[in-house]
Amino acid sequence: QVQLVESGGGLVQAGGSLRLSCAASGRTFSIYAMGWFRQAPGKEREFVSAIRWSSYITYYADSVKGRFTVSRDNTKNTVYLQMNSLKPEDTAIYYCAATTGTVVNRRGGYDYWGQGTQVTVSS
């Protein structure tokens, strides 16, 4: 089993920054990639970013490319999502997830999920 614990959400003004953290524990050696998803009210949960556990190859949705950065600290088994130049449309509940498979940009490809953390960007 893999357990994921998120932190770092909060309220920030447009143009500001937040860093989300996701600590993984358990059978982390089975992880192929860690992903970040978000869900705004009335919308489907959408892919934001992902990082391959071993190779550190990263992926980004077009809507966040150039503003968000995903990274991994292997000494802590923790994945981060650095969010800069935040916009009101970034407001959502953000979830981290882990997959033992190879699909990194679809919700259905992930096996384990964090509890979610609220990010609110005010104008």
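Cys-22 and Cys-96 are joined in a disulfide, with their sulfur atoms 2.1 Å apart. Keep in mind as you explore that this is a predicted model. From that link we will move to the nonpolar core, then to the salt bridges, and finally to a few residues in loops.

**The disulfide**

- How many disulfides does the structure hold? There is one.
- Cys-22 sits in strand β3 and Cys-96 in strand β9, so the bond ties together parts that are 74 residues apart in sequence.
- The link between Cys-22 and Cys-96 is right-handed, with 55° about the S-S bond.
- Cys-22 and Cys-96 are both buried.

**The nonpolar core**

- In soluble globular proteins, nonpolar side chains tend to be buried together.
- Here, the largest nonpolar core has 36 residues.
- Which residues have the most contacts inside this core? They are Leu-4, Met-34, Trp-36, Phe-68, Leu-81, Met-83 and Tyr-94.
- Many strands take part: β1 (2–7), β3 (18–26), β4, β5, β7 (68–73), β8 (78–83), β9 (92–99) and β11 (117–122) each supply at least two residues.
- Strand β9 gives the most to the core, with five residues.
- Met-34 is a good residue to look at in the 3D view: leaving aside neighbours within four places in sequence, Met-34 is in contact with Leu-4, Cys-22, Ser-49, Ala-50, Ile-51, Trp-53, Val-79, Ala-97, Ala-98 and Tyr-110. One of these partners, Cys-22, is also half of the disulfide.

**Salt bridges**

- The structure has four salt bridges, and three of them are described here.
- Arg-38 pairs with Glu-46, and their closest N and O atoms are 2.8 Å apart. Arg-38 counts as buried because its relative accessibility is 6%, whereas Glu-46 is partly exposed at 37%.
- Arg-67 and Asp-90 also meet through their side chains in a salt bridge, at 2.8 Å from N to O. Arg-67 lies in the loop between β6 (58–60) and β7, and Asp-90 in the loop between β8 and β9, so this pair ties together parts that are 23 residues apart in sequence.
- Are Arg-67 and Asp-90 buried or exposed? Arg-67 is buried, with a relative accessible area of 11%, and Asp-90 is buried too, at 1% relative accessibility.
- Arg-38, Glu-46, Arg-67 and Asp-90 are linked in a network of salt bridges.
- Asp-62 and Lys-65 form a salt bridge with closest N and O atoms 3.4 Å apart. Both of these residues are exposed.

**Arg-45, a buried charge**

- Where is Arg-45 placed? You will find Arg-45 in the loop between β4 (33–39) and β5 (46–52).
- Arg-45 is buried but has no salt bridge. The nearest side chain of opposite charge belongs to Glu-44, 8.0 Å away; a salt bridge needs the two atoms within 4 Å, so this pair does not qualify.
- What Arg-45 does have is a polar contact, at 3.3 Å, between its side chain and the side chain of Gln-39.
- Setting aside neighbours within four places in sequence, Arg-45 is in contact with Phe-37, Arg-38, Gln-39, Tyr-95, Arg-107 and Trp-113. Among them is Arg-38, which forms the salt bridge with Glu-46.

**Other loop residues**

- Thr-28 lies in the loop between β3 and β4. At 12% relative accessibility, Thr-28 counts as buried.
- Not counting residues up to four places away in sequence, Thr-28 touches Trp-53 and Asn-77.
- Asn-77 itself is found in the loop between β7 and β8 and is partly exposed, with a relative accessible area of 24%.
- Most residues other than glycine have a negative phi. Asn-77, however, has a positive phi, near 50°.
- Tyr-56 also has a positive phi, near 65°. This residue lies in the loop between β5 and β6, and Tyr-56 counts as partly exposed at 35% relative accessibility.

Notes
Residues numbered from 1 in each chain as written. Predicted model: local features only at pLDDT ≥ 70, side-chain atom pairs only at ≥ 80, totals over all residues. Heavy atoms only, no water. Helix = DSSP H or I, 4+ residues; strand = E, 2+ residues; numbered from the N terminus. Buried < 20%, exposed > 50% of the residue type's maximum accessible area, 1.4 Å probe, protein only. Lys, Arg positive; Asp, Glu negative; His and termini not counted. Polar contact = N/O pair within 3.5 Å; in protein donor to acceptor, adjacent residues only side chain to side chain. Contact = heavy atoms within 4.5 Å. Core = buried A, V, L, I, M, F, W, Y, C linked by side-chain atoms within 4.5 Å. Disulfide = S-S within 2.5 Å.
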